[in-house]
Amino acid sequence: MLTPSKTDTADLVESPAGGSSPAAGTDVIPDGEASQPDTLAPGSASAPPYGAQAQEGEEPAEAGSDLSEGAASQPTQEADAAADDGGHEASSADKQDPGSETPPSPGQGIHQKVEKNSGTVIAVQNNYMIQRLQGTPLPEDWIQERLRTYLSNATTDAAIKELLDAHRVAVIHASAGTGRYTTALHVLTRQNVKTIRQVRREPNEKVDLKGITDANTGWILDLTDEQEKPQTTFGADLLEAQEHLRTTGSFVVVVIHTDTWMKTAEGAGRLAHPLRPPAALEVLRAHLTQQPSPVIRAEDWLSAEQIKDRMKSASPEAAAELAQIITAAADLNPAITKPGDFTSLVEDVLRTADNWRKVLLEWHTEHTESAHRNYLLAAAVLDGAPAEVVHKGHNLLGKALGDQLHPTTGHQGPGIIELTYTIGAEMDADDRIRFVRPGYTEAVVDYFWVDRPHHVAAFTGWTAQQAANLPEDLGGPLADRVTAWVTRYTLAKRNFAILRTVATDWASQRLEDRAKDILVAVALDPLVGKHARDLYLAWAKAPDTADPSSQKGTPTPTALKKVLAAALVQLAPAYPQIALKRLAEIAANTKDTTVTNAVGDALTSLWGRSGLQNTTRDILTSWFNASQNHYRVAARRSFLHLACMANTDDVPVLLTSNGAGSDTWNINGWRCALDAEVTPGFQASFNTWMDAALKQPDLYPAVVMTFTEALFRSETDRTYLPERFLRTTHAAYAWAPAGAGELPPEHTRLRNDLLMALSEADPVVRPRQQHDQNA
């Protein structure tokens, strides 16, 4: 795998492509903000005293880049928000029933229309995407599932195999949504390599294939992000890597956009193969017929004139999406036998593909009463809930939206049955309200978000309250549905206003995990992830507010900052520098103790992550003596968490011979900890170290030396600080109280030894003791 260079921070200023103007009324980072190198300049007033410098020759983002929380700049190629998997293959892994045993695809984008979400889809897909970005070997069963519906092309296979055999490197280039990644998987499975992995790298990080040392491995270098900017020597670098790859018995397949490749391919054109996607109708056929349970009447679907007309100009990606809708429609309507009913179902499928927009427009034009509209929206969000829950929810929604409800007929307005009929839903025998149109519930919410932007905050607040207050069997599925909808809406519209609102509201309603899942999913997306990560940086840099309704510009709600810190922990294995930078900025721009604690907890969590310990330690080192108090508070909390951690032998991890923290680092950490009042967390960590010294005498010198040295201001400034002495003394007596009758004598002895060492280290006491001895 590639090890990031200490100066490789190219993606830390992730400027979106394009220069479109921000949407009216949306948040915009001030001009010049995005143009600053995303590094952590030591001593900066606003930036933490830690960080890497920009790579030599790296250009900063353009001043005034569009970082609006409204519509982001559109990529040059219209593509689904998912990863580039929609071409030759037609995997159903990303649109499976979440209750099935087959896991979603690693790295698959979040674009499935899951009607009954069991709560695992987005979280699981986030984990798979992160594993893929980390370079984890791709499981054989996952590869086979991914290739199950792949449409191979003999000419393509032969051409890429010839490139790999001759050069050990092949470049597959095409536009988005044409199946580049899956084609790479397919050709590597035919090269008889031991494992297939994705090259680990952060966006825009310099590629050095000579850093790949694993033998007999098929590597995929994913550069499909259209904002990737490989160095102009990238093509030449690929040529130079041939002999190294031949020595290791490995292969590399690069997947990249054609436009990007043409800018960096000088001299390496012979390594490339332009991918020609298969016909969309054939992709649709593969999706419908090569599933574990093929779609009923698949040939009828494929031969329907409306379907064939739509596929004439469709991309393979669009065909894959249509197949998903057809599958859902067939599952919802398994008993259709009449030709007229089937034709009507085909029309519903096409309406679903168009997000039911025309149908919903006609319905809203006809039904202007608030009672009907609120009932439709509540029933869509609470799909499958009991009728009384939906009815109560629609009344609460009306209040949240500020509607003045007035009865239109007797008995104080229309009843549940009438309302259910009016919105086109069905009430089952168990009095639960459901929609049978595929994708209709999400389309209803999507229509509302677009049609009523001024009500978005009130609506998302209502969804958060419903999810938090309803029983888990109702609130859980609701949260899962809205999580998926918000994610897909953000990706499809390139609009982040709803993302911010939902993440804040849900974090405020004890739904932090759902809010975190949304933030992570959007940040991982190959098309809008860069824009999202830049906005997260802006949120981190903004000052605090306790008001969760803060939507525009600055400041950032504390609830959002706390859940963002948790999301960054999950993102760190894939984007370590990016995540740590944003955590540092959160710490730098908060005065809220709960936010500082969240950052401390995040850094503690990252300490235990493989490959992140040294970077985390460097950050804490710079924060121990930072001039800004918020850095020291975050560092103190993190250090005390770490100091309290012990292995199976009850030895503190920071004291083990293989621990990453040196003696000097431990001493500096305790110095920082002793500069604040003794807390329960401090006492617990102190007790852990004293217990270890008591249990293992060989640790005694290190423990006593550490606490003694911690009393001096620093390693170079030998000023003895009485406050630290008093706090250490109090902690020692709390560990082994004086006069405790049942206290084992070894506790008293160790406490007294420590206190004697502390006193003897005092430069004032030492001369006095020497004088007394001489006298």
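A helix here is a DSSP run of H or I with at least four residues, numbered from the N terminus. With that in hand, I opened my notebook on this predicted model.

**Entry 1: a serine in a loop**
I looked up Ser152 first and found it in the loop between α2 (140-146) and α3 (154-167). Which residues does Ser152 touch, leaving aside its neighbours within four places in sequence? I noted Asp157 and His186. I also checked Val187, which is 35 residues from Ser152 along the chain; the two C-alpha atoms are separated by 9.6 Å.

**Entry 2: the whole chain**
Next I stepped back for an overview. I counted 33 helices and nine strands in the secondary structure. The chain has 775 residues, and 56% of them count as buried. I then looked at contacts with a separation of 6 or more: residues 24 or more positions apart account for 74% of these. For the surface, I wrote down about 31,900 Å² exposed, with carbon and sulfur atoms supplying 51% of it.

**Entry 3: aromatic pairs**
How many aromatic pairs does the structure hold? My list came to 23. I picked out Phe624 and Trp665, whose ring centres are 5.5 Å apart. Why is this pair called tilted? Their planes stand at 55°, and the tilted class takes what is neither under 30 degrees (stacked) nor over 60 (edge-to-face). Phe624 belongs to helix α26 (residues 613-624) and Trp665 to helix α28 (residues 663-673), so the pair ties together parts 41 residues apart in sequence. Are these two buried or exposed? I found Phe624 buried, and Trp665 as well.

I followed this with Trp670 and Phe707. Their ring centres lie 4.9 Å apart with the planes at 70°, so I filed the pair as edge-to-face. Trp670 is in helix α28 and Phe707 in helix α30 (residues 700-709), so this pair joins parts that are 37 residues apart in sequence. Both Trp670 and Phe707 are buried.

Then I traced the links between rings. Ring pairs connect Trp607, Phe624, Phe639, Trp665, Trp670, Phe682, Phe686, Trp689 and Phe707 into a cluster. My two pairs, Phe624 with Trp665 and Trp670 with Phe707, have their residues in that cluster.

**Entry 4: charges over rings**
Last, I looked for charged groups above aromatic rings. Where does the charged end of Arg132 sit? I found it over the ring of Tyr181, 4.1 Å from the ring's centre. Arg168 gave me another case: it lies over the face of Phe251, at 3.9 Å from the ring centre.

Methods. Residues numbered from 1 in each chain as written. Predicted model: local features only at pLDDT ≥ 70, side-chain atom pairs only at ≥ 80, totals over all residues. Heavy atoms only, no water. Helix = DSSP H or I, 4+ residues; strand = E, 2+ residues; numbered from the N terminus. Buried < 20%, exposed > 50% of the residue type's maximum accessible area, 1.4 Å probe, protein only. Contact = heavy atoms within 4.5 Å. Areas by Shrake-Rupley, 256 points an atom, 1.4 Å probe, with all protein chains shown as cover. Phe/Tyr/Trp six-rings, centres within 6.5 Å; stacked < 30°, edge-to-face > 60°. Lys NZ or Arg CZ within 6 Å of the ring centre and 35° of its normal.
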